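Dear colleague,

I am passing on the structure we spoke about, and you will find it just below. My notes on what turned up in it follow after that.

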Amino acid sequence: MTPSPSASDTVPASPDSASLTGASRDAAPSASGVRARFGPVALVVSAGVSVQFGAALAVMVMPRTGAAGVVTLRLAAAALVLLLVCRPKVRGYARADWTTVFWFGVTMAGMNGLFYQAIDRIPLGPAVTLEVLGPLALSVIVSRRLMNLLWAALALAGVALLAGHGEGGFGGLDPLGAAFAVGAGAMWAAYIVFSARTGRRFPQADGLALAMAVAAVISLPLGVVEAGSDLVVPSTLALGLGVAVMSSVLPYTLELLALRRLPAPTFAILMSLEPAIAASAGFLVLHQGMSLVDALAIALVIAASMGAVRSQLGARSRRTSSS
């Protein structure tokens, strides 16, 4: 997937927010209580649907511009919208601040570029399943807990299922496409690190807007080389704007609203559902079929991601209660 910044930032986040609860355990939940409990969840799920169906739309645009062209259109449009909305200040920052935001932009460009190269070659569901291994590996490394090693083993079992059937290549997948997806996952892990650092150095979403501009500038030459004048065809520009809105602008807004009322670890668990959403988008929009083995493999990776986040949350809760 092309994870949004707010989505990725929640992976290492600490559970500082209080969990949403009903007014009373013994009382039946009121309508407002149900909305308070499930409203933010609906926002997160809607954001995931928007991201993955935006990726499906990007696949449909690729015959016009190529994968690099779609990345350029998406990042340029998203950068323009964010710069207009955030209007970030550019004065008063140290060299270290600009270095951080530069590398944030580099990882953003790499994550998007590799992911779109992947979905140009392999189905959307397996691509997101392989990509999510990056944040999962980061979670295991940061936590240094035996339980998370077990969750990582479960995820690898899912990948082994993907690799163990089908004819040729990586379980019937294009080997280069699978490698691009894994590379996108590695860039996603690096993206999480630089996103957190940027958030500490820049107010609100200013760092995100500036990093998005950096990513757009980096991707521009590649897009121009691959697509040339096709990038400025009005119909292609309109489709590229649609990809940017669905994959960046709308998810960022929905996730920002959700995170005001939803604990960050719960948010991260919900984001673990994205491989399933991606597989659904691939099936409904791109008519990409899926075998039972594929579905089981994706389910194992989802379970591993959710388990790793819950394990990390439990460990932090125990440390908090003991201190």
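How many salt bridges does a search of the whole structure find? The search finds one, and please keep in mind while reading that this is a predicted model.

The salt bridge is formed by the side chains of Arg 201 and Asp 97, with a distance of 2.6 Å from N to O. This pair ties together distant parts of the chain, since Arg 201 belongs to helix α7 (residues 175-201) and Asp 97 to helix α3, with the two positions 104 residues apart in sequence numbering. The two partners do not have equal access to the surface: Asp 97 is buried, at a relative accessible area of 11%, whereas Arg 201 counts as partly exposed, at 38%.

A second arginine deserves a careful look. Arg 74 is found in helix α2 (residues 31-86), and this residue is buried yet has no salt bridge. Which side chain of opposite charge is nearest to Arg 74, and how far away is it? That side chain belongs to Glu 131, and it lies 8.4 Å away, whereas a salt bridge would need a nitrogen and a carboxyl oxygen within 4 Å. What the side chain of Arg 74 does have is a polar contact with the side chain of Asn 112, at 2.9 Å, together with another polar contact, at 3.4 Å, with the side chain of Tyr 116.

Glu 131 appears again where two helices meet, as one of the residues of α4 that make the contact between α3 and α4. The axes of helix α3 (residues 95-119) and helix α4 (residues 124-131) come within 9 Å and cross at roughly 145°, and the crossing is right-handed. On the α3 side the contact is made by Met 111, Phe 115 and Ile 119, while α4 contributes Leu 124, Ala 127 and Val 128 as well as Glu 131.

Lastly, there is a proline in the loop between α2 and α3, namely Pro 88. Is Pro 88 buried or exposed? Pro 88 counts as buried, because its relative accessibility is 15% and the cut-off for buried is under 20%. Pro 88 and Gln 204 are 116 residues apart in sequence, but their C-alpha atoms are 9.2 Å apart in space. If neighbours within four places in sequence are left aside, Pro 88 is in contact with Leu 83, Asp 206, Ala 209 and Leu 210.

With best wishes

Note on methods:
Residues numbered from 1 in each chain as written. Predicted model: local features only at pLDDT ≥ 70, side-chain atom pairs only at ≥ 80, totals over all residues. Heavy atoms only, no water. Helix = DSSP H or I, 4+ residues; strand = E, 2+ residues; numbered from the N terminus. Buried < 20%, exposed > 50% of the residue type's maximum accessible area, 1.4 Å probe, protein only. Lys, Arg positive; Asp, Glu negative; His and termini not counted. Polar contact = N/O pair within 3.5 Å; in protein donor to acceptor, adjacent residues only side chain to side chain. Axes fitted to C-alpha atoms, helices over the stretch in contact; angles between N-to-C directions. Left-handed = near helix turned anticlockwise from the far one by under 90°. Contact = heavy atoms within 4.5 Å.
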